[in-house]
Amino acid sequence: MQEVLNRMNLHGRVALCGLISGYTKHDPGLVSLGNILVKRLRVQGFIILDYASRFMEAAKQLGQWKMFGKLKDRETIVEGLEKAPDAINMLFTGGNIGKTILKV
């Protein structure tokens, strides 16, 4: 995040979505408020529910992109029901890449 903020232009915008990996720890290095101030950045959070009325439109477009190879996905597969707690913890520690799938 620090490198992103360092490279921002004056009056740039930062979209913020998904902080799940930070729910269980305090990391003061995630944001430099000094850079936000000096560069007069606009930081705006959003959640998927803000766009609920466009879910069908998004599903159609994403499906087309996936079908034509324009959208690539990555996933972490964890095998075995006994490893379910580990799979869930990955969401909070950043130990997963992309979608986390528990294979039983």
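**Loops, core and surface of the predicted model**

Arg40 lies in the loop that links helix H2 (33–38) to strand S2. The model described here is predicted. In this model the phi angle of Arg40 is near 50°, a positive value in a residue other than glycine. Most residues other than glycine have a negative phi. With a relative accessibility of 48%, Arg40 is classed as partly exposed.

A positive phi is also found at His11, where the angle is near 65° and the residue is again not a glycine. His11 is placed in the loop between helix H1 (2–6) and strand S1 (13–16). Its relative accessibility is 57%, and His11 therefore counts as exposed, the cut-off being over 50%.

The secondary structure of the protein consists of 4 helices and 4 strands. Read from the N terminus, the elements follow the order α-β-α-β-α-β-α-β. Of the contacts between residues at least 6 apart in sequence, 66% connect residues at least 24 apart. The protein has 104 residues, of which 14% are buried. Its exposed surface amounts to about 8,800 Å², with 60% of this area supplied by carbon and sulfur atoms.

The largest nonpolar core comprises 5 residues, namely Leu5, Met8, Val14, Ile36 and Leu41. In soluble globular proteins, nonpolar side chains tend to be buried together. Within this core, Val14 belongs to strand S1. Val14 has a relative accessible area of 11% and is buried, because this value is under 20%. When residues within four places in sequence are set aside, the contacts of Val14 are Met1, Leu5, Met8, Leu41, Arg42, Val43 and Gln44. Among these partners, Arg42 is separated from Val14 by 28 residues in sequence, while the C-alpha atoms of the two residues are 6.2 Å apart. Strand S2 covers residues 42–45, and Arg42, Val43 and Gln44 are among the residues touched by Val14.

Met8, another member of the core, has contacts with Arg13, Val14, Lys39 and Leu41 when residues up to four places away in sequence are not counted. Val14 and Leu41 are thus both partners of Met8 and members of the largest nonpolar core.

A nonpolar patch of about 630 Å² is present on the surface and is formed by Phe46, Ile47, Ile48, Leu49, Tyr51 and Phe55. One of these residues, Ile47, is located in the loop between strand S2 (42–45) and helix H3 (55–67).

The structure contains 2 salt bridges. Side chains of opposite charge can pair when their charged atoms come close. One salt bridge joins Glu57 and Arg54, with 2.8 Å between the closest N and O atoms. Glu57 is partly exposed at a relative accessible area of 47%, and Arg54 is likewise partly exposed at 44%. The side chains of Lys66 and Asp73 form a salt bridge with an N to O distance of 2.9 Å. The relative accessibility of Asp73 is 48%, which places this residue in the partly exposed class; Lys66, at 41%, is also partly exposed.

Towards the C-terminal elements, Asn96 occupies the loop between helix H4 (84–93) and strand S4 (99–103). Asn96 has a relative accessibility of 18% and is counted as buried, since the limit for this class is under 20%. A polar contact of 3.0 Å connects the side chain of Asn96 with the side chain of Thr100. Apart from neighbours within four places in sequence, Asn96 is in contact with Thr76, Met90 and Leu91. Among the loop residues described above, Asn96 is thus buried, Arg40 is partly exposed and His11 is exposed.

How values were computed: Residues numbered from 1 in each chain as written. Predicted model: local features only at pLDDT ≥ 70, side-chain atom pairs only at ≥ 80, totals over all residues. Heavy atoms only, no water. Patch = residues over 30% accessible without salt bridge, like charges linked within 9 Å, V, L, I, M, F, W, Y side chains within 5 Å. Areas by Shrake-Rupley, 256 points an atom, 1.4 Å probe, with all protein chains shown as cover. Salt bridge = Lys/Arg side-chain N within 4 Å of Asp/Glu carboxyl O. Helix = DSSP H or I, 4+ residues; strand = E, 2+ residues; numbered from the N terminus. Core = buried A, V, L, I, M, F, W, Y, C linked by side-chain atoms within 4.5 Å. Buried < 20%, exposed > 50% of the residue type's maximum accessible area, 1.4 Å probe, protein only. Contact = heavy atoms within 4.5 Å. Polar contact = N/O pair within 3.5 Å; in protein donor to acceptor, adjacent residues only side chain to side chain.
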